[in-house]
Amino acid sequence: MPAVTTIIIGGGQAGLAMSRCLTERSIDHVVLERGEIANSWRTGRWDSLRLLTPNWLSRLPGYQYRGEDPDGYMSMP
C-alpha cells in the first residue's frame, strides 16, 4: 500500500471540499469519518439552520453561484 501524505479528519462539507482540492492536485490523502460520509450534516443538524452568507460566497470547489442575485441570500428551500 502506498504511503498517504495527508489525512483529512471529518467527511462533512469542509472535509469533502478539501478532498476535492487535494485530488485536483494529485495529492494522496485519506478521509477519516467516524460514521457514514456526510452523516452528521444530513441527519444531525437543525431544521432552522440557515446560511448567513451572500449567494456569491456559498460555493464548493468546482462550483460557483450563477444566479441573478449574487449579493442576496438563499431562502430555506
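## Overall layout

Reading from the N terminus, the elements of this protein follow the order β-α-β-α. That gives two helices and two strands to keep track of. Please bear in mind as you look around that this is a predicted model.

The protein has 77 residues, and 16% of them count as buried. Its accessible surface comes to about 6600 Å², with 57% of that belonging to carbon and sulfur atoms. As for how the chain meets itself, take the contacts between residues at least 6 apart in sequence: 29% of these join residues at least 24 apart.

## A nonpolar patch on the strands

Let's start on the surface. Here Val4, Ile7, Ile9, Val30 and Leu32 form a nonpolar patch, and together they have about 470 Å² of accessible area. Two elements give two or more residues each to the patch, namely β1 (6-9) and β2 (29-32).

Ile9 is a good residue to click on if you want to see the patch for yourself. Ile9 belongs to strand β1. Its relative accessibility is 75%, and because the cut-off for exposed is over 50%, Ile9 counts as exposed.

## Salt bridges at the end of α1

How many salt bridges does the structure hold? There are two, and they link Arg20, Glu24 and Arg25 in a network.

One of them joins the side chains of Arg20 and Glu24, at 2.9 Å from N to O. Both of these residues sit in helix α1 (residues 13-24), and they are four residues apart, about one turn of the helix. Glu24 also forms a salt bridge with Arg25, where the closest N and O atoms are 4.0 Å apart. Glu24 is therefore a partner in both pairs of the network.

What about accessibility across this network? Arg20 is partly exposed, at 36% relative accessibility. Glu24 is partly exposed too, with a relative accessible area of 46%. Arg25, with a relative accessible area of 55%, is exposed. The class changes between Glu24 and Arg25 because a residue counts as exposed over 50% and as partly exposed between 20% and that value.

## Ser26 and its backbone

Next, have a look at Ser26, which is placed in the loop between α1 and β2. Its phi is near 55°, a positive value in a residue other than glycine. Why is that worth a glance? Most residues other than glycine have a negative phi. Is Ser26 buried or exposed? With a relative accessible area of 67%, Ser26 is exposed.

## Ser58, a buried serine

The second serine to visit is Ser58, found in the segment after α2 (39-43). At 18% relative accessibility, Ser58 counts as buried, because the cut-off for buried is under 20%. Which residue does the side chain of Ser58 touch in a polar contact? The partner is the side chain of Thr53, at 3.2 Å.

## Places to look

If you would like a short tour of the structure, begin at the nonpolar patch, where Val30 and Leu32 lie alongside residues including Val4 and Ile7 among its members. Then move to Glu24 and its salt bridge with Arg20, pass on to exposed Ser26, and finish at Ser58 with its polar contact to Thr53.

Methods:
Residues numbered from 1 in each chain as written. Predicted model: local features only at pLDDT ≥ 70, side-chain atom pairs only at ≥ 80, totals over all residues. Heavy atoms only, no water. Patch = residues over 30% accessible without salt bridge, like charges linked within 9 Å, V, L, I, M, F, W, Y side chains within 5 Å. Areas by Shrake-Rupley, 256 points an atom, 1.4 Å probe, with all protein chains shown as cover. Buried < 20%, exposed > 50% of the residue type's maximum accessible area, 1.4 Å probe, protein only. Polar contact = N/O pair within 3.5 Å; in protein donor to acceptor, adjacent residues only side chain to side chain. Contact = heavy atoms within 4.5 Å.
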